[in-house]
Every structure is written in C-alpha cells, then in structure tokens.
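Trainee: I would like to learn how to read a structure step by step, beginning with charged pairs. Could we start with the idea and then look at the case in front of us?

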Amino acid sequence: MTGSPLTNKDAIRGTASRVLRAEAEALAVMADCPPEGFARAVTLMLGAKGRVIVSGMGKSGHIARKIAATLASTGAPALFLHPGEASHGDLGMVTGDDVCLLLSNSGETRELSDLIQYTRRFDIPMIAITRVTDSTLARQADVALILPDMPEACAIGMAPTTSTTCALALGDALAVALMEERGFAADAFHVFHPGGKLGAQFLRVSDVMHSGDALPVVAPDTSMGETLIEMSAKGFGIAAVVEGGALSGAITDGDLRRNLDGLMGCTAGEVATPSPRFATPDMLLSETLGLMNRHKIGALFVVDAGGQLCGLVHIHDCLRAGVV
C-alpha cells in the first residue's frame with residue numbers, strides 16, 4: 001500500500017464522487033428527454049386486466065425484481081418471473097390478460113428468448129427496457145424504452161452500474177405514473193404496507209382504540225368515591241363523564257389533584273373538565289399522538305360523528321403500534 005491514509009481516503013472519496021456524478025449525469029439526460037413510448041407503456045400497463053410480468057437476467061434480473069415489488073406495492077399487480085424458470089414450465093404463469101416488462105441492457109440476453117417468443121405467439125403486450133435500439137428485444141417489443149447510451153461508471157466500463165441505475169429509475173417512473181393515473185392514495189398504500197413503520201404511519205385511531213366495557217364511564221351525578229373505583233378498575237387514569245351517550249367531560253389525575261379539598265363530597269360532573277379534547281375514529285394515530293404531546297396528556301376519548309363516546313386511545317397504544 002502506498003501513500004498516507006489521508007491520501008488513500010481522499011482517493012476513495014474521489015471514486016465515490018466520480019461514480020455518483022456519472023450516474024447522476026445519465027439520469028439527468030433521461031430526465032431531460034424521457035424515453036419515447038413512455039406514455040404508451042403506461043397505457044398498456046393500465047389496460048392490463050391481469051398482472052405486469054417483469055423479467056430480466058443477472059443484474060437486470062435484480063432490477064426487475066425491485067420494479068415488480070414497487071409496482072405490486074403501489075396498486076399494480078405484478079410479479080417477477082425468472083427467465084430460466086420461464087423456459088422450464090413457468091411460462092404457464094403468463095396469461096393473455098398480462099403485460100410483460102422485459103429488461104436487458106444489450107437487448108440480446110439469450111435467456112429471455114423463450115419469453116419473448118411466448119409473448120409474440122400469444123399476442124401478449126411486451127414492453128422492453130434496453131440500451132440498444134436495434135436489438136432483438138427492442139425490435140420485438142410493442143414498446144421499447146431506450147436507456148441513454150452513457151458509459152458505465154466503473155473504471156473498466158463493463159460492470160453494470162450506470163445502466164442498472166437508469167433501469168431502476170425508469171421502473172420507479174413507471175410505477176409513479178401508474179399510481180397517479182390510478183389516483184392511488186395514502187389509504188390504499190396502507191393496505192399493501194400494514195407492517196413496520198410504513199404501516200404505523202397510516203394506522204387510524206379506530207385500529208387501536210379501546211371500546212365497550214373497557215371504557216371508564218360515569219354519569220355526572222356519580223359520586224367521586226364510585227368514580228375513583230371506576231378509574232382504578234379500568235386502569236387508564238382517566239374517566240369519561242357521559243350524558244345520553246355523549247361525552248360531556250373528562251376526569252384526569254390533574255382534576256383529582258386540583259379538587260383534593262372536599263373531593264369525596266363532590267360528584268363526577270363537578271370535578272370533570274367540561275368539553276375535553278377528543279379524537280375521532282378516522283384520525284391518523286400519528287396525528288393523535290401529536291395532539292397528546294402538544295397538550296401533555298396521556299389519553300384521549302374518541303367521539304364519533306354523532307357526538308357519541310365510542311372509544312379511548314392511550315399514548316401507550318400509539319407506542320405499541322410503532323408510532324413515534
């Protein structure tokens with residue numbers, strides 16, 4: 001090894017800068033002039049009654065898997081089909097209602113030949129993503145999306161780097177265009193992402209709230225002795241004062257401390273804070289947590305559109321659901 005550690009570190013950072021700049025320049029070229037036929041490709045995918053079958057070999061295969069996953073998670077039914085497996089029986093997965101999206105940088109990937117022929121034989125729409133305009137794949141495709149003819153970012157100009165980045169970005173562009181054409185909204189996104197932080201961001205109060213017999217409920221004329229028993233039994237540190245099913249007040253630990261003198265001689269209605277803050281069943285759980293944090297409260301009662309008490313959400317429910 002030659003040179004000082006600082007020199008080597010600078011050289012490595014220089015490589016990073018060169019690679020990122022090369023790939024960014026290729027993306028900029030494609031952004032300035034998106035591939036001819038992009039709108040038609042989106043129209044074909046929108047019109048498919050079945051799925052988008054995405055395939056590619058090698059590095060293109062890895063990109064194809066990601067594109068299929070992105071399409072599926074954003075409302076466009078899709079799957080990745082390995083071209084080798086396709087040639088050994090899995091072509092039966094492809095139907096006349098599907099549309100195929102095939103990736104090959106050179107457009108001459110031998111393993112795709114059976115899949116190409118199958119789409120031509122059964123008149124299945126086929127979209128190509130390739131760098132070579134006059135390649136077999138581009139010529140056979142109903143729509144050919146041609147990637148910019150830019151050098152690969154590696155030192156020898158051979159390792160798939162710039163080309164795979166462009167293919168991946170183009171796949172993202174297709175997925176986003178389909179989302180927008182379909183009017184795919186946040187609620188629909190949550191349906192496909194119920195787990196992890198993405199799922200937690202779209203959880204609503206109704207998904208986690210306590211209801212029914214779990215709610216600590218008292219009438220305005222309930223004695224504070226009975227109210228304390230109800231609060232202790234339900235374990236939320238809060239009680240709802242309800243009249244005719246509607247929330248008229250709430251009793252918290254703070255209300256108890258403010259009324260210590262003569263507390264046991266009072267009724268729930270006399271101690272409660274009138275017109276308390278509340279959540280609604282359709283509020284995002286993240287929004288509810290923000291409301292709790294702003295007002296330094298640990299729980300909120302939930303009131304429906306008719307003003308009726310229907311639930312309770314505690315800050316611990318938000319944390320357990322992964323909302324932070």
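Mentor: A salt bridge is counted when a side-chain nitrogen of Lys or Arg lies within 4 Å of a carboxyl oxygen of Asp or Glu. Keep in mind from the start that what we are reading is a predicted model.

Trainee: How many salt bridges does a search of the whole structure find?

Mentor: The general idea is that side chains of opposite charge can pair when their charged atoms come close. Here the search of the whole structure gives eight salt bridges. One of them joins the side chains of Arg110 and Glu111, with 3.7 Å from N to O. Arg110 is exposed, at 64% relative accessibility, while Glu111 is partly exposed, at 27%.

Trainee: Which parts of the chain does the pair of Arg120 and Asp142 tie together?

Mentor: Begin with the contact itself, a salt bridge between the side chains of Arg120 and Asp142 at 2.9 Å, N to O. Arg120 belongs to helix α5, residues 113-121, and Asp142 to the loop between α6 and β5, so this salt bridge ties together parts that are 22 residues apart in sequence. Arg120 is partly exposed, with a relative accessible area of 28%, and Asp142 is partly exposed as well, at 30%.

A second case to read in this way is the salt bridge of Arg131 with Asp149, whose closest N and O atoms are 3.0 Å apart. This pair links distant parts of the chain, since Arg131 sits in the loop between β4 and α6 and Asp149 in the loop between β5 and α7, 18 residues apart. Arg131 is partly exposed, at 28% relative accessibility, whereas Asp149 is exposed, at 59%.

Trainee: Let us turn to the sheet. What is the order of the five strands?

Mentor: To read a sheet, follow the strands by their neighbours. In this open sheet of five strands the order is β2-β1-β3-β4-β5, and the pairing is parallel. Strands β2 and β5 stand at the edges with a single partner strand each, so one side of each has no neighbour in the sheet. From one strand to the next, the twist averages 20°.

Looking at one pairing in detail, β3, residues 99-103, and β4 pair in the parallel sense over four bridges, and the bridge partner of Leu102 in β4 is Ala128. Helix α3, residues 59-73, lies across β1, β2 and β3, and runs at about 160° to β1.

Trainee: Is Val99 buried or exposed?

Mentor: Val99 is found in strand β3, and its relative accessible area is 1%, under the 20% cut-off, so Val99 counts as buried. Among the residues that Val99 touches are Leu44, Met45, Val52, Ile53, Ile124 and Ile127. Pro125 is also touched by Val99; the two are 26 residues apart in sequence, yet 5.0 Å apart in space from C-alpha to C-alpha.

Trainee: How should I read a nonpolar core, and which residues have the most contacts inside the largest nonpolar core?

Mentor: In soluble globular proteins, nonpolar side chains tend to be buried together. The largest nonpolar core here has 32 residues, and those with the most contacts inside it are Val54, Leu71, Leu101, Leu103, Ile129, Leu145 and Leu174. Helix α7 gives the most to this core, with seven residues. Leaving aside residues up to four places away in sequence, Leu174 touches Phe38, Ala41, Val42, Met45, Leu101, Ile129 and Leu145. A second, separate core has 17 residues, including Leu79, Leu81, Leu112 and Ala128.

Trainee: Which residues of helix α14 are buried, and what covers them?

Mentor: In helix α14, residues 285-295, the buried residues are Leu285, Thr288, Leu289, Gly290, Leu291 and Met292. Their cover includes α10, β10, β11, β12 and α15. Just after α14, Lys296 takes a positive phi of about 55°.

Trainee: Finally, how is a pair of aromatic rings read, and what is the count here?

Mentor: A pair of aromatic rings is described by the distance of the centres and the angle of the planes. The count comes to one aromatic pair. Tyr118 and Phe122 form this tilted pair, with 4.8 Å centre to centre and 55° between the planes. Phe122 is partly exposed, with a relative accessible area of 42%.

Terms used: Residues numbered from 1 in each chain as written. Predicted model: local features only at pLDDT ≥ 70, side-chain atom pairs only at ≥ 80, totals over all residues. Heavy atoms only, no water. Buried < 20%, exposed > 50% of the residue type's maximum accessible area, 1.4 Å probe, protein only. Helix = DSSP H or I, 4+ residues; strand = E, 2+ residues; numbered from the N terminus. Pairing = 2+ DSSP bridges. Axes fitted to C-alpha atoms, helices over the stretch in contact; angles between N-to-C directions. Contact = heavy atoms within 4.5 Å. Core = buried A, V, L, I, M, F, W, Y, C linked by side-chain atoms within 4.5 Å. Phe/Tyr/Trp six-rings, centres within 6.5 Å; stacked < 30°, edge-to-face > 60°.
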